[in-house]
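Hello,

Here is the structure I promised to pass on to you. Have a look at it first, and then read on for what turned up.

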Amino acid sequence: MENDKTQLVATEKYGSLESWKYQLKGGLIKREREGEHGGTTGNSIIGVFKSVFLPQGYPESVSGDYVRYQFWDTLQAFSSSLSGTLATQASLRGVGVGNQEATVAAATVTWLLRDGTGMLGRILFAWLKGLACDFFLRLVADVLNDMAMFMEIMAPNFPACFTLIVCSAGILKAIVGVAGGATRAALTVHQARRDNMADISAKDGSQETLVNLAGLLVSLILIPLVTDNSLLTFVLFFLFTILHLFANFKAVRSVVMDTLNEARLAIVFHQYLKDGRILNPLEANQKESVFLEFRRTVPIKLGVRLMELVKELHMAILNNHESYLIGVKHGSVCVCLGPGASVCDEIRAVCQAVCLCTVLQPVSPLEGALKQLSMSHRKNHWELVYESHKLMDQIFHPFLEGVETAGWQTSRTLLDWDEWRVDWKKKRS
């Protein structure tokens, strides 16, 4: 009878997908699955699909917004693929496919010029904008991409300007390539919860390939329908474009970034000054606009050269014991960063700059600490800067602790600092 007694020896689980237990009974160890009965991970069709297209350890290995974002991103990629098919068909017709009078050399030159201008545009745009994670830029880039495909569809109707039109369209398409790559890189870092950026990037590539394959199969059905039917081509392109832009907007709104950029930091800091409450990443992301903000009339320049403040350097240094210099110059709040500044110093500098911007050009009635700070503005800008130093001494450390508690990352940020670093001698008043 003693041998019939079951004894639990060990348990194991595969993420949140499977859970097994090892039991000793009758001198033998048996392995049994807990919960639902079925095969092991990878034996079923769904299991194979997950292992091929989802990161290992899903869902624990990715951020909570992964599925929502990937769904809308997949939908926008699918609709863009179909629109691209219509544009490609028009481009091929424009270079002479099906026209006996067209030469291979002329078609090849036109195609090479289109690709070449796109490559140059990609290099130029990456140089001008850099690789910041700018969702507004991504939305604008996707609009430009749709405009480029519309230009390619229209180009065959203007044979005299065909090469110029398709080259211009190639430049517009280059913008979405740079913007998409920049935001995708930042999102991969955000989604990776186990430093598994490589796995997430690889699986994202597999998902994109699957979407393109699905788009290819649907395109095989569409092409015979739209050939020599301009009206249907434009109707389908219009529908695909609306779906593409809507899915892009939903994809951007589904992301809950837990790293601070200037917009999210300003939202969180303003809420803290208003009622002492720290917004968590979900709340702040919902308040962040994905479109361009026109309300702020006082720009913030981060990481500027010392010459921006050099004429009044002694005023900027006075009573300043931080790792940055801040001042108001030509209607802008300028911040010079020291070489030893930490991420917390960067966050503090931007918070102080946000205070100065809000007081200099309030978009709503000031309350609390900001209202008291605005009293200094009646004298001059430097009095306002000195008082803002005092305000930050009082509130920044509790604010930073609250930010960390609310779930924000403070080890790194997405603040758009330039590369200038200034070393100066600190002095007292």
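Helices here are DSSP runs of at least four residues, numbered from the N terminus, and those numbers appear throughout this note. Please keep in mind that this is a predicted model.

Let's begin with the open spaces. The second largest pocket has a volume of about 740 Å³. Its lining is made up of 26 residues, and the ones closest to the centre are Gln 76, Ala 77, Ser 80, Val 176 and Glu 208. Which helices supply this lining? Four of them give at least two residues each: H2 (66–95), H4 (135–154), H5 (162–191) and H6 (197–226). H2 contributes the most, with nine residues. As for character, the lining of this pocket holds 14 polar residues, seven charged ones and five nonpolar ones.

Next, the enclosed space. How many cavities of 30 Å³ or more does a search of the whole structure find? There is one, and its volume is about 30 Å³. Around this largest cavity you will find Glu 308, Leu 309, Glu 312, Val 328, Lys 329 and Trp 382. Three residues of that lining are charged and three are nonpolar, with no polar ones.

Now for the way some of the helices pack. Two packed helices are described by the angle between their axes and the distance between the axes.

Start with H4, which you have already met at the pocket. The axes of H4 and H7 (residues 230–254) come within 10 Å and cross at roughly 170 degrees. Angles over 145 degrees count as roughly antiparallel, so that is how H4 and H7 run relative to each other. On the H4 side, the residues in contact include Phe 135, Leu 139, Asp 142, Met 149 and Phe 150, and on the H7 side they include Phe 234, Phe 237, His 244, Leu 245 and Phe 249. This contact has twelve nonpolar, five polar and three charged residues.

Further along the chain, H13 (residues 381–405) packs against H11 (residues 343–360) at an angle of about 130 degrees, with the two axes 9 Å apart. H11 and H13 are therefore oblique to each other, and their crossing is right-handed. Among the H11 residues that meet H13 are Cys 344, Ile 347, Cys 351, Cys 355 and Leu 356, while H13 offers residues including Leu 384, Val 385, Met 392, Phe 396 and Phe 399. By class, the contact of H11 with H13 has 14 nonpolar, four polar and two charged residues.

H13 also packs against H8 (residues 262–275): their axes come within 11 Å and cross at roughly 115 degrees. H8 and H13 are therefore roughly perpendicular to each other, and this crossing is right-handed. H8 brings Leu 265, Val 268, Phe 269, Tyr 272 and Leu 273, which meet Met 392, Ile 395, Pro 398, Phe 399 and Val 403 of H13. What classes do these residues fall into? Ten are nonpolar, with no polar and no charged residues in the contact of H8 with H13. You may recognise two names here, as Met 392 and Phe 399 of H13 are also listed among the residues that meet H11.

Finally, there are two backbone details to look up in the loops. The peptide bond from Tyr 58 to Pro 59 is cis, with omega near 5 degrees. Pro 59 sits in the loop between H1 (45–53) and H2. The other detail is at Asp 228, which has a positive phi of about 60 degrees although it is not a glycine. To find Asp 228, go to the loop between H6 and H7.

Happy exploring, and best wishes!

Notes
Residues numbered from 1 in each chain as written. Predicted model: local features only at pLDDT ≥ 70, side-chain atom pairs only at ≥ 80, totals over all residues. Heavy atoms only, no water. 1 Å grid on protein atoms, 1.4 Å probe; cavity = no way out; pocket = protein on both sides within 12 Å on 5 of 7 lines; lining within 4 Å. Points joined across faces, edges and corners; volume = space filled by probe spheres on them. Nonpolar A, V, L, I, M, F, W, Y, C, P; charged D, E, K, R; others polar. Axes fitted to C-alpha atoms, helices over the stretch in contact; angles between N-to-C directions. Parallel < 35°, antiparallel > 145°, perpendicular 65-115°, else oblique. Left-handed = near helix turned anticlockwise from the far one by under 90°. Contact = heavy atoms within 4.5 Å.
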